[in-house]
Amino acid sequence: MDDNEMKKEQPPLWANRFLTWFCHPDLLPEIQGDLQELFGRWVQEYGVRKARWLYVLNIIFFFRPFTIRRKSFVSPITSFIMLRNYLLTAWRQVQKNKLHTAINVFGLAIGMASCLIISLTVQHEFSYDRYHSDGDRIYRITSHLKFADDWVTNGGVPAPVPLTVRDEFTGLDAVAAFHTVHPTEVKIPGSAEATEQKRLVIAGPDFFDVFTDHHWLMGNPAQALAKPYQVVLTESQAHKYFGAREAVGQTITYFDSLDFVVSGILADDPHQTDLPFTDYLSFATLRADQTLAGNYGLESWQNTNSSSLAFLKLSQRSTPADIERQFPALIDKYIKQEANNVKSKFNLQPLSDMHFDADYLLDDQRIAHKPTLYGLALVALFLLLIASINFINLETARAVLRSREVGVRKVLGSSRGQLIQQFLGETFLITLLAGGLAVLIAHWGMDYFKESLPPDLSLHVLWKSNGWLLLLAIVGMVSLLAGAYPALALSSYSPVFALKNQMAKSSGITRKAYLRKSLIVFQFAIAQAFILGTLMVGSQLHFLLHKDMGFQKDAIVHFQPDQWWQDTTQRRVTLANELRNLSGVSALSLSGRLPASSGWSSRTVTYQTDTSEAKVNIYIKQADTSFLKVYGIKLLAGRNYHVSDTLHELLLNETAAKAFGFEPPAEAVGQLIALDENRLLPVVGVVRDFHDGPLYEKIHPVMMGSEESRRLGNFNLLLATQGKQGEQVEQSLAQIEKVYQRFYPEAPFEYQFYEDTIAKFYEAEQRTARLINVATGLGIFISCLGLLGLVSFTTNQRIKEIGIRKVLGATVAQIVTLFSLEFVGLVFISFIIAAPIAWYLASEWLSRFAYRTDIGVAIFILTVLSALGLALLTVGLRSWYAALANPVDSLRNE
Amino acid sequence: MKGTHLGEFQELVMLTVGLLYDDAYGVAIQDEIKKQTGRKVTLSTVHAALNRLEDKGLLTSRLGGATEERGGRPKRLFKITAYGRQALEQSRAMRNRMWGLIPKVAWES
């Protein structure tokens with residue numbers, strides 16, 4: 001039997017090692033013996049392969065409570081005494097290296113503060129309406145309406161929908177129909193002044209069938225909301241109205257003149273919710289009071305209002321699709337679609353989406369943007385990582401100084417485990433300190449970033465309930481992240497080398513320090529990726545906001561009268577004429593849509609010659625004849641269309657003309673385009689291309705034409721002035737508002753500058769830009785802080801070298817260069833790592849824009865230069881300071 | 001009764017220890033259980049039971065019998081204690097008593 005065969009018949013070594021590792025030493029020999037005996041038998045019986053397999057399997061079976069090694073016994077008194085010693089050592093370390101400690105604490109604190117703010121934000125946004133029992137079965141009915149050619153979404157439904165759904169649909173446990181109430185005056189008898197209340201709702205007992213978690217302090221839903229003119233208040237609202245007095249039975253006047261009797265009290269809801277009502281007026285009131293009911297169109301199937309809400313609780317077995325399938329029948333039966341040219345669709349939205357879906361806003365609701373939240377979490381993680389790297393770098397750099405301590409401790413009987421505990425403990429203390437500071441910084445930061453944060457977010461959650469656990473979790477995580485490597489490295493020193501003071505030579509820790517260098521590279525790679533991101537997002541944003549759209553957008557104000565589609569055409573036309581006469585308005589156009597809009601409508605039209613046929617999906621912009629004048633859209637050929645009550649003549653843009661095959665585009669003038677089989681319309685002119693939507697998409701083929709005024713709801717006004725501010729602009733707007741109020745006294749004048757509307761297309765991009773700016777600033781700051789600490793350490797270590805160099809004639813500049821060059825290389829390496837990653841991410845991000853800036857070389861050069869500049873500034877200043885020192889001081893004593 | 005109560009498998013292991021007399025260690029017990037009852041049990045299960053029974057004071061053990069085939073490692077040889085014997089006897093007495101109490105009629109249906 002040769003060696004090889006011998007080896008083959010041995011059980012697997014690693015399995016044995018595993019057994020030795022976990023097994024209690026007292027039990028080990030017998031178990032190993034038994035297994036060995038069996039192994040020999042298995043080899044005979046099944047062959048080596050299977051025997052080895054069985055051996056491993058059996059060892060795994062032995063991994064049981066009775067075999068597992070117990071901790072070796074250390075007297076609790078010993079650990080207690082050692083604890084004192086550890087604390088003392090830690091305190092001495094802090095005192096000895098004030099700068100390092102300060103840098104560590106401060107860097108970690110900033111990282112943790114941003115992590116704290118961000119995790120609170122994320123936690124807060126994801127906590128909305130997550131607390132309801134059976135919340136996963138609660139859905140909201142949302143409406144999709146097709147006006148003219150495009151779909152509009154609405155979070156409300158026609159008021160009869162939920163009532164009918166309750167009667168006719170299957171698969172539902174409960175249906176809640178309720179109406180939110182516009183802010184309204186509320187008067188308490190006996191008090192002089194009325195107060196405005198915002199969170200009113202008209203709801204019946206059914207509300208509490210869907211949302212079952214409300215706690216009733218007085219009354220119950222069945223009796224408290226059954227009758228007309230009853231109102232249920234939350235506890236704090238009752239206290240606001242009546243103070244310490246008994247609220248139940250009191251009368252409150254809502255809507256100027258309607259008296260409601262308080263019939264129940266609800267406990268305040270401590271949770272985050274988008275349905276934070278304080279006054280529940282009984283639904284039965286709507287049946288009793290015709291005037292009030294009129295506001296909510298209880299019988300109207302045609303009126304969709306975002307204040308009329310319908311929530312469903314599905315039964316255990318049904319799926320949303322089961323419910324959605326039943327809507328078409330309901331629409332056919334009740335909603336006479338043809339009557340007003342509106343098409344309806346209903347969908348179900350899960351309750352958990354309500355806080356994130358911008359398509360179905362509740363009145364006054366603030367929603368959150370999920371991708372931004374994920375981005376935030378990532379940023380927090382990176383900042384924390386950079387701060388932890390600082391810590392690791394400084395600790396490992398200083399490790400040499402503590403190697404002798406490690407040696408002495410080991411000689412005196414410390415186990416490696418104890419040392420690891422000690423160092424981790426020290427890290428924990430530092431981190432705890434940083435955590436305290438982080439709370440302060442977070443407090444200040446939340447004030448500073450108030451506008452980007454949820455309004456009802458505050459640090460108080462930290463002290464409430466289990467909030468402090470979050471803080472502790474962050475501290476614990478950071479201590480492990482930052483402390484694990486230094487603790488492992490320090491505790492691994494062999495006492496012999498450590499005590500002979502040969503650490504520097506034997507481990508190469510000071511000189512080569514590959515780990516530290518690669519961590520710096522990593523850190524600066526993150527920082528530079530952030531810088532690149534900032535520059536790219538910034539330049540794209542600038543491009544989006546300042547690109548020539550092909551039409552004029554300065555000094556243009558636009559508005560839509562409230563609910564204009566239900567209004568008479570005459571009112572709008574007269575208003576338009578009166579506005580035209582104002583001195584502050586130099587031109588006005590009524591249009592269906594704005595030149596660049598996020599909504600659109602399109603249809604397929606045909607151009608036919610004897611030989612060929614071109615079908616083009618064309619986007620439609622309808623307006624009166626002054627549209628081109630208001631927006632300064634250039635006519636390239638032909639003429640503008642004439643006034644007409646139906647679509648009679650067409651203007652095409654260049655893209656459309658080319659799509660039909662006219663080259664040059666001007667040739668399209670005079671040709672006939674078929675809208676459908678019956679309508680052939682002449683092209684009377686071609687306009688220069690303008691952007692017909694956000695720059696995400698290419699310019700579409702567009703046709704423009706006159707349309708009956710019934711379908712035109714947008715007022716586009718070119719002011720006689722320039723810009724958005726100034727006295728004259730204010731005056732013009734005041735003029736316009738005055739005229740508007742004469743025509744629409746019931747609705748406020750809500751106008752927008754077109755520039756702002758266009759800027760609003762890119763809200764998400766602006767949010768991204770803001771976020772990445774802050775992240776960049778913090779990332780660079782923490783990285784430089786770490787660099788500063790490291791450089792001051794190495795200069796201290798090499799203070800004698802500096803002295804000798806100076807004595808031998810080196811200039812300050814030479815010394816500074818010597819120290820800086822090392823870091824120049826590191827910055828370049830990190831740039832090489834960061835650039836492709838940032839470039840890839842940025843081009844991914846840019847790829848959603850059809851029109852974008854070029855990622856030029858300039859951006860990359862700027863990035864590397866600024867990173868280099870910052871690094872050199874940090875390193876240079878510190879080493880310059882060291883190089884200035886008199887060599888006598890450093891060389892006098894050995 | 002508590003403390004002397006034996007589980008079914010524990011009783012089986014104790015009986016096996018008894019009948020193996022001076023050669024009752026892990027592998028041998030595993031083999032014997034298979035021979036006597038046809039039950040396949042893993043070695044770790046046997047060890048776990050032996051450990052437990054020794055903790056309870058029903059078995060006692062000594063180390064011995066290191067052989068070549070065991071890689072020079074000793075066997076742990078088990079023996080039933082007086083207390084263990086008492087527990088076994090109690091268990092058997094209880095069974096016998098209950099067997100005797102079953103009326104004949106019960107077997108005839």
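## Chain B at a glance

Let's start with the smaller-scale picture of one chain in this predicted model: chain B holds five helices and two strands. Following the sequence, the elements come in the order α-α-α-β-β-α-α.

Of the 109 residues in chain B, 25% are buried. If you look at contacts in chain B with a separation of 6 or more, 42% of them link residues 24 or more positions apart.

## Where chain B meets chain A

Turning to the interface, 15 residues of chain B are in contact with 15 residues of chain A. On the chain B side, at least two residues each come from α2 (26–37), α3 (43–56) and β2 (75–80). The most is given by α3(B), with five residues.

What is the make-up by class of the side of chain B that touches chain A? That side has six polar, five charged and four nonpolar residues.

## A helix pair in chain A

Now have a look at two helices of chain A, α6 (residues 98–126) and α28 (residues 763–797). Their axes come within 10 Å and cross at roughly 165°. Because angles over 145 degrees count as roughly antiparallel, α6(A) is roughly antiparallel to α28(A). The crossing of this pair is left-handed.

To find the contact in your viewer, select A:L99, A:H100, A:I103, A:F106, A:G107, A:I110, A:G111 and A:S114 on α6(A). Their counterparts on α28(A) are A:L778, A:I782, A:L785, A:G786, A:L788, A:G789 and A:S792. Sorted by class, the residues of this contact are eight nonpolar and seven polar, with no charged ones.

## Backbone features worth a look

Some background helps here: most residues other than glycine have a negative phi, and most peptide bonds are trans. Chain A has departures from both habits, as the following residues show.

The peptide bond between A:E663 and A:P664 is cis, with omega at about -5°. A:P664 sits in the loop that runs between α25 (654–660) and β20 (672–674) of chain A.

Which residues other than glycine have a positive phi? A:D129 is one of them, with phi near 55°, and A:Y229 is another, at about 60°. A:D129 belongs to the loop between α6 and β1 (138–147) of chain A, whereas A:Y229 is in the loop between α9 (221–224) and β8 (230–234) of chain A.

Are these residues buried or exposed? A:D129 counts as partly exposed because it has 18 C-beta neighbours inside 10 Å. A:Y229 also counts as partly exposed, with 18 C-beta neighbours inside 10 Å.

Technical notes:
Residues are numbered from 1 along each chain as its sequence is written. Chains are lettered from A and ligands numbered from 1 in the order in which they are written. This is a predicted model: local features need pLDDT of at least 70, side-chain atom pairs count only at pLDDT 80 or more; totals for chains, interfaces and linings use all residues. Axes are lines fitted to C-alpha atoms, for helices over the stretch in contact, and angles run from 0 to 180 degrees between N-to-C directions. Helices (H or I, at least four residues) and strands (E, at least two) are DSSP runs, numbered from the N terminus. Angles under 35 degrees count as roughly parallel, over 145 as roughly antiparallel, 65 to 115 as roughly perpendicular and the rest as oblique. A crossing is left-handed if the near helix is turned anticlockwise from the far one by less than a right angle, and right-handed if clockwise. Two residues are in contact if their C-beta atoms, placed from the backbone, lie within 7 Å. Ala, Val, Leu, Ile, Met, Phe, Trp, Tyr, Cys and Pro count as nonpolar, Asp, Glu, Lys and Arg as charged, and the others, Gly among them, as polar. A residue is buried if 20 or more other C-beta atoms lie within 10 Å of its own, exposed if 12 or fewer, and partly exposed in between; C-beta atoms are placed from the backbone.
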